[in-house]
Amino acid sequence: MEHGFVALVGAGPGDKGLITIRGAELLSQADVVVYDRLVSQEIIKMIPTTAEKIDVGKENKFHPVKQEEINHILLEKSLEGKKVIRLKGGDPFVFGRGGEELELLYENNIPFEVVPGVTSAVAALCYGGIPATHRDFCSSLHIITGHAREGGQLSIPFHELKELNGTIVFLMGVSSLSYLMNGLINAGMEKDMPAAIVENGTRPNQRKLVATVGTLEQKALEMEIKSPAIIAVGKVCSLSEKFSWFMKKPLFGTKILVTRPKESSGTLVEKLRQLGAEPVEYPCIEVVPIPQNEKLYHACENIREYGWILLTSKNGIQIFFDYLNSKGLDARVLANTKIGTVGSQTAKALKEVGLISDFTPEIFDGRHLALGIAERVGENEKVLICDAAIASDDIVNILRSNNIKFDRVPLYNTNYINENSNKVKKSIVHGELKYITFTSASTVEGFIASMKDIPLESLTAVCIGNKTAEAAKKYNLRYVVAEKSTIDSMIDKLLEIGGGNIYD
Ligand code: SAH
C-alpha cells in the first residue's frame, strides 16, 4: 500500500490565532490527528470532524501514552496510507521531543514535514506584556528546561546564566521553582531581580505573577500556580505592567455561555474571544428541517401565486433553498416574487444565495416585518410565510387583521438539546459563569429545560430582542436587552454591563 505521510505541526501555545497558516492548512486535510495535553481546546476544535482523533495527553510525571508508543502510532497510521498530523503544543522542536518522533519515521522511509510553531517561551511572555528582549535591559534570551529526564538530575549552569545577564525563561519549571530561584540566588543574582510567571499563557484563563527572584516562589504558592506556566527572570519583567495588553481586554477572564445552535454561533463566539472573553459553547437548540414537508412542496409548486415570501431566519433561508435545489430548482422560481426578511442577518443570508431583500424592517422582529408588509402588499397579493414550527403568531395575526391572504409553511422544528449540561451546571453553581447570551426565545426555553433545579440567580441573560427577553422574564432570569436586535448590539450591551470586570 502507498505510504502515508506525517506532519509534525506546532499548534502554538493556545490562542488559535497563533497556529501557522501552513499548520492550519495541513490540519484541515488530516486523516488522523495525534495531539497532547498542551494543545488547546480551541485548536482541537479545528480538527476536521472526519479525522480520527488520538489523544496521547501527557501529565507531569504521568504519561498515559509512552513516547515509544506515540512513535509507533505515527508509524502505523502512516503505513496505512493516512495523512497523519502530529499536533504539539508550541513549537515541536522546543522541548517537544519532535526529534524523537521523527527517528522511527526516518528509519521506515515515511515522508514527513515539520511545521514550526509559536513557542510558549516567547508567546506567553508576550501575552503577559513582557518583551523577551529589550535593548535597554539585556542582549540575550535563554530558554531552559526546569524538568530533568526521568531518572536524571537537573544540572543548570546557574553561574554562567547569571553572568550572561540576559532574559531567562524556564519551561516545565513549576515543580522545581524553589530549586531554580535558589540556584540563581546562590550564584550571586540579586534577590530583587524582576521575575514573573505566566500560567496558561495566551488562553482566556491566563494568570500572571510579577515578583522578584527572592519572592517568586512564595507568591506562586499563594496563587497556587500550576503547569503549564513559564517562569521568566530578567529586567524585562519590570515592563510587564506597562505593556500588559491581553489581560486588559475589556471582557478578559469573563466566561460567557453561548446558547445558539452550533452552526450559527461562530460570529458571536469569535467576537467575544476578540474582546478577551472565554465563550463557552452550549447549544441549547438544534434546528431540524421538517421531513417530507408537504406544505412546502405545495407552496413551491404554486410559488407564482404569491406576491411576497417572508423569511424569518438564516436557517429558514438555507432550508428553503436546499429544498428548491433538491427539486432541481433554484432562485429563479422567485423571479416574480418579492421577498421580506426579518433582519439584517437574514437579508445577508439571502444575498449569499444571490437575492436582494425587498423589505427588512428597522426593528428586526416578526411584528415589524408584518407591519411593513401590510403597508406594501398589493391588492389581491398573497403572502407566503416561511418560518419555524414554533414561531409565534405575530406575523399571522397582523396579516389576518389587515385582511391579507397568506399561507404559512413551517420549515423546521426546533429541538432542545443538553449535551455537556453537567459541566455547565457546575460552572453556574460555582459562580464561574456570570453571563449567558440568548439569540431567540427558543434558546431560552432550551436552556431552562436543561437546567432543572439549578439556581440561576447569579446569571445575567443578554437577550437579542424583546421576544427573547420576554422568555427570559417568564423564568425570572435577570436580563438585559440589546438595543438593536443584532449580535453587535448584544456585544455592546455586554461591554456596558461587564466591561472592565476582570475577575470580580
Ligand atoms: N514545545 C512547547 C514546550 C513544551 S514543554 C513550546 O514550544 O511551547 C512544556 C512546557 O511549556 C510547560 O511545562 C510550560 O512551561 C510551557 N508551556 C506550554 N504551553 C504554555 C502556555 N500556554 N502557557 C505557559 N506555559 C506553557
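This report describes the domains of a predicted model and the strand pairing within it.

## Domain layout

The chain is divided into four parts: domain 1 covers 5-117, domain 2 covers 122-248, domain 3 combines 255-284 with 417-496, and domain 4 covers 293-415. Between the C-alpha centres of domain 2 and domain 3 the separation is 38 Å.

## The five-stranded sheet

An open sheet is built from five strands in the order β3-β2-β4-β1-β5, with parallel pairing. The edges are occupied by β3 (52-55) and β5 (112-115); each has a single partner strand, so one side of each is left without a neighbour in the sheet. From one strand to the next, the twist averages 20 degrees.

Within this order, strand β1 (residues 5-12) pairs with strand β4 (residues 83-89) in the parallel sense through seven bridges. Gly10 stands opposite Lys88 in β4.

## Helices packed on the sheet

Helix α1 (residues 21-28) packs on the sheet and touches β1, β2 (32-35), β4 and β5. The direction of α1 makes about 135 degrees with that of β5.

Helix α3 (residues 67-79) also packs on the sheet, where it touches β1, β2, β3 and β4. The direction of α3 makes about 155 degrees with that of β4.

## Pairing around strand β17

Strands of a sheet pair through backbone hydrogen bonds, in either a parallel or an antiparallel sense. Strand β17 (residues 406-416) runs antiparallel to strand β13 (residues 285-289), and five bridges join the two. Pro289 has Tyr412 of β17 as its bridge partner.

With strand β16 (residues 382-388), β17 pairs in the parallel sense over six bridges. Here the bridge partner of Val383 is Phe406 in β17.

How values were computed. Residues numbered from 1 in each chain as written. Predicted model: local features only at pLDDT ≥ 70, side-chain atom pairs only at ≥ 80, totals over all residues. Heavy atoms only, no water. Domains from an automatic or database assignment. Pairing = 2+ DSSP bridges. Helix = DSSP H or I, 4+ residues; strand = E, 2+ residues; numbered from the N terminus. Axes fitted to C-alpha atoms, helices over the stretch in contact; angles between N-to-C directions. Contact = heavy atoms within 4.5 Å.
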